[in-house]
Amino acid sequence: MIRIKEKANADNNLIEQIALTFKISKRLAELLVSRGFTDIESVDKFLYPKLSHLYNPYLLSGMEDAVKRIAQAKENGETVVIYGDYDADGISAVTVLYRSLKIYGIDAIAVIPERENGYGLTDGMISAVLEEHFPDLIITVDCGISAVKEVEELRDLGVDVIVTDHHEIPENIPDCTVINCKLGDYPFDGLCGAGVAYKLAKALIGDKADSLLDVVAIATIADSMPLLDENRIIVSEGLKLMKSGKSCKCVKALMRVSGIKEVNATSLAYTLAPRINAAGRMGDAKSALQAFLTDDENEIESFSSLLNEYNVKRQAECDLLYRSAKEQLSQKPTDNRVIALYNKNWKSGLIGIVAAKLVEEYSKPVILFTERDGVLHGSARSVVGVNIFKALTAVKDLTEDYGGHAQAAGVTVKLDNLNEFERLLNSYLIENCEVGDFVQETEVEEILTSPLTLDFANELNLLEPFGVANKKPVFAVECKRAFASPIKIGSPHLAFKTDYIDLLMFGGGDKLQLLNAEINKIIVFEPNVSVYNGRQSLKGYVREIVTVASLDDGSISAVLGKQLDNLYEKGRYTAIDSTKAEYFLEKAKKDIYGTLFIVNDFNTLSKLKGTESFAKSVLAPDGKGNISVITLGTDGKIPDGYDTVVYLDKPLFVIDTDKTVYVNEEINGFPLNGVCSDRAVLGKVFIAIKNRPQGILSPCELTKELNLNVEQIVFAVRVFIELGLVIPQSGRYKAVSGIKRELTDSSVYRSIKRILGR
């Protein structure tokens with residue numbers, strides 16, 4: 001679903017003032033205002049992030065006590081352990097604090113668990129740390145905010161603990177010094193674990209900590225933190241270090257092995273971050289940590305190559321896990337608002353990745369579980385509108401442990417409680433979330449009414465770095481027939497022009513028919529400037545296609561054309577009336593998943609109550625997942641996830657499927673008003689096509705000339721195609737000379753003649 005970004009009620013004076021002050025176009029100034037920057041100071045801080053804009057680290061609750069305790073540890077020569085997490089953020093956080101403490105004068109010991117040990121301060125890892133290192137002080141990074149019992153046990157044993165974390169604040173927190181950007185009145189609560197560790201380092205060693213911002217930047221991107229406020233400064237400065245060749249040795253090595261070409265937030269998210277995470281996912285997080293902590297260049301190269309290999313293996317194993325999850329999912333009810341799947345053979349390091357992929361595909365929260373020590377350990381991911389942390393809190397009595405963020409969390413459940421856990425979680429989502437919470441919207445800056453220029457596209461780079469909460473701007477353009485074609489013979493990539501920009505759609509071969517149908521569409525795209533032989537060119541990269549269901553000749557032509565193409569498909573169904581159809585509409589408002597409504601005559605929508613609540617598209621659902629929708633007509637396929645098909649009016653054909661199908665026989669979906677099988681009328685259409693050497697692009701093009709409705713012309717063209725009198729060629733319909741056929745040789749002609757009764 002597309003949502004046009006609401007324009008702020010800013011006067012033109014402000015927009016002009018921003019444009020003049022920063023020497024940018026009014027179009028970009030208006031875009032900045034629409035993103036919430038409504039004064040010169042906020043725009044300046046956003047466009048030109050500086051280290052001087054960072055907040056004083058002592059604004060963080062607990063910072064002063066932490067610095068004093070660390071100073072005491074230095075003075076007394078105490079043993080200090082830094083305890084982190086096994087993901088990219090945790091590894092980065094350990095790196096930042098380890099190197100900062102070394103500068104400060106403390107040779108700390110760095111410890112991280114493997115995934116099989118569990119997340120955070122577990123009893124097993126605590127025992128191992130105590131036995132091996134006998135620490136006086138443990139400083140956690142990227143974990144610890146929920147470790148109430150564990151911290152109490154450590155303190156009873158005489159070990160002090162400082163918790164630095166960034167995860168959501170639970171009801172009870174450890175009785176020790178705690179630094180968390182979400183605790184107290186700190187001005188920005190979006191730091192990652194490494195970001196909080198950097199703030200502690202800043203308090204300890206001042207500006208010397210800034211040399212580690214490349215590591216903090218990677219962690220911020222890897223942990224999907226909002227790229228606003230302090231994070232924007234951190235990532236901008238970190239990117240500067242990488243581009244200037246001043247980043248740490250490990251980052252340089254990872255850039256080499258990954259083959260990264262352009263250094264920006266997006267490329268780091270797809271290259272460096274997955275390689276660091278891959279080690280922990282494959283059960284060897286310590287290799288990633290060693291890569292960052294060693295200064296031996298041979299070791300760094302060796303570890304970096306190993307992380308690259310882990311990433312390749314991770315991708316292959318993720319594919320297998322994904323297929324396994326999909327197979328299991330096919331046996332689950334489609335109307336659940338949460339997907340919860342369990343397999344003891346799944347690798348714990350991979351379930352989060354696959355869960356995120358399933359969220360994108362099904363538009364609902366997903367929790368995948370694997371088993372460890374007789375307990376199920378799950379990784380949860382969610383759609384933007386559903387806070388999975390709050391949902392887990394609501395069913396916490398059925399969990400052993402949980403923690404995380406609004407869109408990502410970890411949860412531990414006993415196997416015997418899994419079914420009840422899933423049932424109650426589903427009930428919570430039904431009671432507390434609206435249908436719209438599950439719809440994944442694409443927000444666009446504007447629907448173009450004038451050309452997008454190369455200069456403006458270049459200006460958009462001022463908004464870098466792009467990421468969470470600062471998405472790369474996307475735009476939309478309205479289009480009817482696109483005249484799309486492959487960029488070369490056999491290519492799956494398409495190219496086409498619109499009134500305001502030329503577009504490319506990578507891997508869009510399956511959308512060719514839709515693009516070239518005369519259906520009203522909104523094309524969502526991302527502007528991209530490419531350089532070839534020193535010359536810049538602007539293309540839009542298509543992100544999404546949304547059809548617009550409406551009563552117009554183009555839609556009628558497409559829908560009736562599909563009906564006639566599949567005229568002889570007669571699937572089995574249960575006949576219903578309008579009252580029953582309205583019952584299904586009302587039921588689907590509550591169940592929200594799994595029902596596909598098909599309407600063949602747009603006018604039917606006004607004859608039934610309840611249709612206004614559903615998203616509408618043409619021929620097939622536009623969005624992802626299986627949220628119940630209404631389609632105008634059908635392409636003859638039932639998408640995965642739809643168990644029930646309800647025709648709101650009676651069509652010319654019913655899809656043959658193993659799904660449950662209902663047809664409202666009380667309303668005729670195609671009355672075929674104005675259509676006749678008269679030979680003279682059909683001959684008139686054929687002559688009009690024959691008189692055009694280049695043929696016609698669409699049946700709609702003949703309606704005015706022949707004073708016939710579009711249904712009549714579509715019918716005639718389908719008959720001629722079946723008889724071989726007209727052939728579709730290069731996107732046009734062309735007449736073929738020298739062929740004589742009887743109209744009755746056409747099965748389409750005979751069937752419609754029989755339906756018309758004349």
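**Entry 1: charges over rings**

I started with Lys-357, whose charged end sits over the ring of Tyr-322, 4.0 Å from the ring's centre. I should jot down that this is a predicted model. Then I looked for another case and found Lys-364: its charged end sits over the ring of Tyr-593, at 3.7 Å from the centre.

**Entry 2: Tyr-593 again**

Next I went through the aromatic pairs, and there are 14 of them in the structure. Phe-438 and Tyr-593 make an edge-to-face pair, because their planes stand at 80 degrees, with the ring centres 6.0 Å apart; the cut-off for edge-to-face is over 60 degrees. I checked where the two sit in the chain. Phe-438 is in the loop between helix H18 (418-432) and strand E12 (442-444). Tyr-593 is in the loop between helix H22 (578-591) and strand E20 (595-599). That puts them 155 residues apart, so I noted the pair as a link between distant parts of the chain. Are Phe-438 and Tyr-593 buried or exposed? I looked it up, and both are buried.

**Entry 3: a stacked pair**

I moved on to Phe-715 and Tyr-749, which form a stacked pair with 10 degrees between the planes and 6.4 Å from centre to centre. This one joins two helices: Phe-715 belongs to H25 (residues 710-723) and Tyr-749 to H26 (residues 747-756). The two residues are 34 apart, and the pair links distant parts of the chain. I found Phe-715 buried, and Tyr-749 as well.

**Entry 4: a cluster**

Last, I wanted to know which residues join Phe-456 in an aromatic cluster. They are Phe-475 and Phe-525.

Technical notes. Residues are numbered from 1 along each chain as its sequence is written. This is a predicted model: local features need pLDDT of at least 70, side-chain atom pairs count only at pLDDT 80 or more; totals for chains, interfaces and linings use all residues. Side-chain values use heavy atoms; hydrogens and water are left out. Rings of Phe, Tyr and Trp (its six-membered ring) pair if their centres lie within 6.5 Å; planes under 30 degrees apart count as stacked, over 60 as edge-to-face and the rest as tilted. Helices (H or I, at least four residues) and strands (E, at least two) are DSSP runs, numbered from the N terminus. Buried means under 20% relative accessible area, exposed over 50%, partly exposed in between (1.4 Å probe, protein chains only). A charge sits over a ring if NZ of Lys or CZ of Arg is within 6 Å of the ring centre and within 35 degrees of the ring normal.
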